[in-house]
Structures are given as structure tokens and as C-alpha cells.
Amino acid sequence: MSATETSLDLGAFIAGHAEPLGDRVQEIRDPATQGVVGRATATDAAGVDRAVRAAQDAFVAWSTRGVAERGELVGRAAQAIRAAIDELAPLLTAEQGKPLREARIEISKAAETLEHYAGLAKQLRGASVYGLDAGVSGQVLRRPLGVVGAIVPWNFPTTLLANKLGPALVAGNTVVAKPADTTPLTTLRVAAIMHDAGLPAGVFNVVAGHGADAGEALVTHPAVRKLAFTGSTPTGRRIMSLAAADNKRLTLELGGSDPMIVLEDADLDRAASAASMGRFFNCGQACLAIKRLYVAEPVADELIDAVVQKAKRLTVGRGSERDVQLGPMHSERQRLALEDQLQRTLDRGGEVLTGGGRPASRELSDGWFHEPTIVFEPGHDSPMAIEEVFGPALPIWRVRNLNQAIERANASPFGLGSSVWTSDLDAAAEAAERLECGYTWINSATKVYDELPFGGVKASGFGKEHGSEAFDYYTDQKAVVVRTRRRE
Ligand code: NAD
């Protein structure tokens, strides 16, 4: 057992030590039972300042190490996370609510992303230009930015952190992360594990706490040079306005309302499975979940029936129990928001094909459970069509053709991902070109690859995570002009 293993309740992990830096202790509760699973001290502004200074102090030594050495240390830390999966996954399930199987996938994916960037370490380079003028050449150096503030939500606390940590650390930055106030435990434990695996003190620090306090203290700290934020669109806008004061660099990964378009020549079995998995994993609380389904009229009845049957067969229960497929929603606030959105939608039309409320089982009455729900043809201007649906509820509409599907899909304010299901390559290519978003899957959905850049457009934000492109968001490109020959 490491020295840091028992210190989660202290709430901050700074320069290799767990400490309580504030006087408010928050209870972390299991969304399935409301039982207390841990505690974390909410870090106050002075504590955030300590964390940023620690990251600043560590920056010079970290950024001047060889890049391959940084990659190796990040790779070792990733292996240590993998090795701790039996401890981390149950902790994630306990504080977040997701089924244990999904928690294990999340922890593995976080390690995989860190390993991916560790492997790219030796490819991090700029460019040089020979002969700008007679005897003059140019170089483009990629320099790290300094201290990066990484703010993540509760739905995927570890993968969303790893997406930022991987490129930020390998590029030579140091990081202060702020997890959501309801899911600090896994993040604090990950920081301790990475430190124990050899990541130097101060390179990666964590402050637990609330958005308005610890979050804003981090966003407005003058020594933080960049903010990598994942969360809701309103919070993203607030952070953008606060960051403007110091010209801080930003990556904003915000809300989504991903459409799935199924044409009449699609493989309907695969499409139905993808719709169910893509809507209901993590209890529907994923940025890139399938949130609107548009299906061509000739195959609509068949596809809708298949999706409804799959939704009815999902096993709802506590994430810690074997074979559970749909855990609780994360919090009372999330469930109330979904219930309100469903009611406002149904007030204006649409038909509930399955689900629609809380499960009847008394065993589930203490948790924030919600039935898997399918709504047939609510209005195209209803809340479920326009707003993000962040829970286990899927609206479905019939469409006449691809053109109508694309127009409806693009009518959303969001632009994160989309998927198109068809065996017609021309239709697929047209959809990929016309859909206004950052990621389009053809005959596939929701799986994000570390090899490709991911990020939204419109209200879904800007900037990229994943891909070698992510390095662009954690480095400055500095031009250097070198005169190599004396003038005659
Ligand atoms: P949220 O915006 O309420 O909170 C996200 C994080 O920001 C939390 O750590 C929170 O404490 C912090 N925060 C809140 N207010 C802040 C402030 N004023 N200053 C600084 N930090 C602040 O988001 P949420 O509702 O918890 O998360 C769900 C949202 O995240 C959904 O909209 C979802 O689509 C989005 N999301 C996007 C992606 C993506 O990659 N685009 C991925 C996952 C989730």
C-alpha cells in the first residue's frame, strides 16, 4: 500500500502529497443507493493557488527533460493505472454509478490513451524551411505552454482526464486537474498512482471542489496558461468569458445532440444494436451518445420495433451488481432535468413507446434510476429535438430521404458527432460532407479512436482532443529565423 492510498478524503493532491485545503468536506454518495462512499475536502482558492504554484515550480524541470523520457514516464504511469483496475473500477462505479463492466472499459481506455501519447513522444516535432532568403533558414519550434488547467465532468472522469493529460504532459506542460465535485475519488487515486509510478511531484496535481469556487479559481489564476475544459455548453461559455481577461488558450469540449441516420438499405440488425448501445451506455449520459434517431420511412417500423425491444430487455440495477446493463443516473439533479425535459416535450406531442418514468421496483427506489425510454416523433422544435438529452431517453423520427435527414440533423445548435447507416457509398460520402459536426461514423457509432482528432463545432465547442492534432492545443509554435551565411 502506498503512502497516499488512504488519503482520498483529503481532497487535493499537490506536489506528490494529499492534503485538505479548505474547510468544507463533501460527502460522495453512491447514485444507486445514496450511501456515503467517501469524502473529499473542497479545495478553496488559496488551495488552488498552492496547486498552480506547485505545477509552476515543476514546469522547468519537466519541460526540459528529453521528450522520450517524458513519454516513458507517462507510459509507466499508464501501466500502473492498468495494474490498479481492480481497485479503480469499483471506486468509479461507487461514485459515478455506471455498471462495473463499463467502469473497467473506462479505466482501460484512460490507460490506453496515455499509452498512445507516450508512444507519440518521439514524433513531437516542428518544421524547418531552408532558403527563406539567401543564407537564411527558418525553424518552427513547438514549445509547451506552461501550467494547464484541466476541468472535467462526472460522466467519464478518467477518460476525459486522460485525453488532456496525455498530450499536455508529453508536450512538456504541467497540469492542475479539477474533477466534478461529485466524482473526485477516482481522479485523486489516479494522481497518487501516477506519482507512485514515477511521475515527478508537481507535474500532475488535483484539486477537488465546486465549479464556482475551485473551478473559477483555477480558470482565473494568472499563472494558468491554458484551460482544457469538458462539460456543458453554458459552463464552457462562462469559462470562455473568464479566460478572455488573460487571453488564456482554450479547448472546449461541450454538449452534443448526435443524430443517427438510418437509410432503407442499412443493415437494420446492426443499426438497432448500435442505437441501443449508443443511447443507453453510461445511462445515456455521454456527450457522444446517440441523442436523435432519424429513420427512412420504408424501414421505420422494423427498426423502431427492434430498438424498443432492446430497450425493454435492458437489465436495470446497481452498477456494482453482475450483469446490470443500465445503472442509475448520476444525480437527482440529472434525473429531475430529464423528467422535466420529457414532460415539456410530451406536452407538445409525441408518443412514449417504452419507459417514460422511474422503475417500479422498490429495490431501486433509493437510487436515481430512470427507465430506458423511447419517444416516437415528438415535435421537431420540442425540447428533445433542440436541447441535449442527457439520460436514457431516445426520440425517433421518420424521414423521407437522406436530404431531409441531413437538414433535420443540422437543425440542432450542437455539432459534436453523427452517424449514418447505409450500404450506398455515395449517400455515405454526401452525409459525411454535409453533416455539421466534428466526427461522422459510417455504419458505426460512438467509438472514439486515439488516432483521429475529436472535437465539436457550433455549440459543441472547439479544439481537438485525440489524434496527433491534440498536440497543437498544448504547444505554441515559435518561428526562429537563422542567418547562416555572411553577406558578401
Ligand atoms: P458542467 O459544465 O456542469 O461541469 C463540468 C465541470 O466544470 C465540473 O468539474 C464542474 O465543477 C466545472 N465547473 C462548473 N462551473 C464552473 C465554472 N464556473 N468555472 C469553472 N469550472 C466550472 O457539466 P456537467 O453537466 O457536469 O457535464 C455534462 C456535460 O458535459 C454535458 O453537456 C456533456 O455533453 C458534456 N460533455 C462533453 C464532452 C465532449 O467531449 N464534448 C464529453 C463529456 C461530456
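This passage describes strand pairing, aromatic pairs and the surroundings of one histidine in a predicted model. Residues are numbered from 1 along each chain as its sequence is written, and side-chain values use heavy atoms, with hydrogens and water left out. Because the model is predicted, local features need pLDDT of at least 70 and side-chain atom pairs count only at pLDDT 80 or more, whereas totals for chains, interfaces and linings use all residues.

Helices (H or I, at least four residues) and strands (E, at least two) are DSSP runs, numbered from the N terminus, and two strands are taken to pair if DSSP finds at least two bridges between them. An open sheet of mixed pairing is formed by eight strands in the order S2-S1-S9-S8-S7-S10-S11-S21; its edge strands, each pairing on one side only, are S2 (17-19) and S21. Within this sheet, S7 and S10 are parallel and share five bridges, with valine 147 as the bridge partner of valine 224 in S10 and isoleucine 151 standing opposite phenylalanine 229 in S10. S10 is also joined by five bridges to S11 (residues 249-253), again in the parallel sense, and here lysine 226 stands opposite arginine 249 in S11. The connection from S10 to S11 passes through helix H8 (residues 233-244) as a right-handed β-α-β crossover, right-handed meaning that, with the strands pointing away from the viewer, the path from the first strand over the helix to the second runs clockwise. Strand S10 (residues 224-230) is largely enclosed by the rest of the structure, because six of its seven residues are buried (under 20% relative accessible area, with exposed over 50% and partly exposed in between; 1.4 Å probe, protein chains only). Lysine 226 lies over the face of tyrosine 474, at 4.5 Å from the ring centre (the criterion being NZ of Lys or CZ of Arg within 6 Å of the ring centre and within 35 degrees of the ring normal).

Strand S12 (residues 258-262) is mostly covered, five of its five residues being buried, with Asp258, Met260 and Val262 on one side and Pro259 and Ile261 on the other. S12 pairs in the parallel sense with S13 (residues 290-296) over five bridges and with S18 (residues 417-421) over three. Valine 262 takes part in both pairings, standing opposite valine 295 in S13 and having tryptophan 421 as its bridge partner in S18. Together with helix H9 (residues 268-280), S12 and S13 make a right-handed β-α-β unit.

Rings of Phe, Tyr and Trp (its six-membered ring) pair if their centres lie within 6.5 Å, and planes under 30 degrees apart count as stacked, over 60 as edge-to-face and the rest as tilted. By this rule the count comes to six aromatic pairs. Among them, tryptophan 154 and phenylalanine 390 are edge-to-face, at 5.7 Å centre to centre and 75 degrees between the planes; this pair links loops 236 residues apart, and both residues are buried. Tyrosine 439 and tryptophan 441 form a tilted pair, at 4.5 Å and 40 degrees, and with Phe454 they form one aromatic cluster.

Phe454 is also among the residues in contact (heavy atoms within 4.5 Å) with histidine 466. Histidine 466 lies in the loop between strands S21 (461-462) and S22 (475-483) and is buried, its relative accessible area being 4%.

Technical notes: Lists of a residue's contacts leave out its neighbours within four places in sequence.
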